[in-house]
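Let us walk through a protein model step by step. Keep the structure in view as you read.

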Amino acid sequence: MRTVYMFLLCILGAAMLSTVICDYGIGPDRCCFSYYPRRLKKNAIVSYYMTSHRCLKPGVILLTKTSLIICVDPSFSWVEDIMAHIDQSPTSF
C-alpha cells in the first residue's frame, strides 16, 4: 500500500514539474504572424528589433512614439530606410 502512495506522489510531482518547465520554455519572445499593411513615417518610430530566426516569418518589430508595437516585413525598402534612420540617429542617455 505504501508503494502505491509513493508511486502516486511521484506521478503528481512529475506533472507539477512539467507545467513549471513549460512556462519557462526556451522560445522566441515575439514573432510576427501578420505584417502591418501600410507605410509608416520615419519620425514616428523610436526603435526597432528583428524577430528571432526561430519564428516562422522573418519580421521587424517597430516601436512608435505612442508605444505601439508594429510588425513589418523586413524586405520592404521603406522598412530598411527606417532601420537605417534609427541606426544613424544619435541616442540620448
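Start with contacts across the protein chain. Take those between residues at least 6 apart in sequence: 44% of them join residues at least 24 apart. Bear in mind that this is a predicted model.

Now list the parts. The protein chain has 2 helices and 3 strands. Read from the N terminus, the elements run α-β-β-β-α.

Look at the strands next. In what order do the 3 strands form the sheet? The order is 1-2-3, the sheet is open, and the pairing is antiparallel. Strand 1 (45–50) and strand 3 (69–72) are the edge strands, and each pairs on one side only. On average, neighbouring strands of this sheet are turned by 25° against each other, direction ignored.

Follow the pairings one at a time. Strand 1 and strand 2 run antiparallel and are joined by 5 bridges. Within this pairing, find Tyr49: it stands opposite Ile61 in strand 2.

Move on to the other pairing. Strand 2 covers residues 60–64. It pairs with strand 3 over 4 bridges, again in the antiparallel sense. Two residue pairs help you trace this. Val60 stands opposite Val72 in strand 3. Leu63 has Ile69 of strand 3 as its bridge partner.

Strand 2 and strand 3 also form a hairpin, with 4 residues between the strands. What sign does the phi of Ser67 have in this hairpin? The phi of Ser67 is positive, near 65°.

How is strand 2 placed, mostly covered or mostly open? Strand 2 is mostly covered: 4 of its 5 residues are buried. For the whole protein chain of 93 residues, 22% count as buried.

Now turn to the helices. Helix 2 spans residues 77–88. It lies across strand 1, strand 2 and strand 3. Its direction is about 110° to strand 1.

Helix 1 spans residues 2–23, and Leu8 is found there. Leu8 also belongs to a nonpolar surface patch. Which residues make this patch? They are Val4, Tyr5, Phe7, Leu8 and Ile11. The patch has an area of about 530 Å².

End with the outer surface. The protein chain exposes about 7700 Å². Carbon and sulfur atoms supply 63% of that area.

How values were computed: Residues are numbered from 1 along each chain as its sequence is written. This is a predicted model: local features need pLDDT of at least 70, side-chain atom pairs count only at pLDDT 80 or more; totals for chains, interfaces and linings use all residues. Side-chain values use heavy atoms; hydrogens and water are left out. Two strands pair if DSSP finds at least two bridges between them. Axes are lines fitted to C-alpha atoms, for helices over the stretch in contact, and angles run from 0 to 180 degrees between N-to-C directions. Contact means heavy atoms within 4.5 Å. Patches are made of residues with over 30% relative accessible area and no salt bridge: like charges are joined within 9 Å, nonpolar side chains (Val, Leu, Ile, Met, Phe, Trp, Tyr) within 5 Å. Accessible areas come from the Shrake-Rupley method with a 1.4 Å probe; for residues, only the protein chains shown count as cover. A salt bridge is a side-chain nitrogen of Lys or Arg within 4 Å of a carboxyl oxygen of Asp or Glu. Buried means under 20% relative accessible area, exposed over 50%, partly exposed in between (1.4 Å probe, protein chains only).
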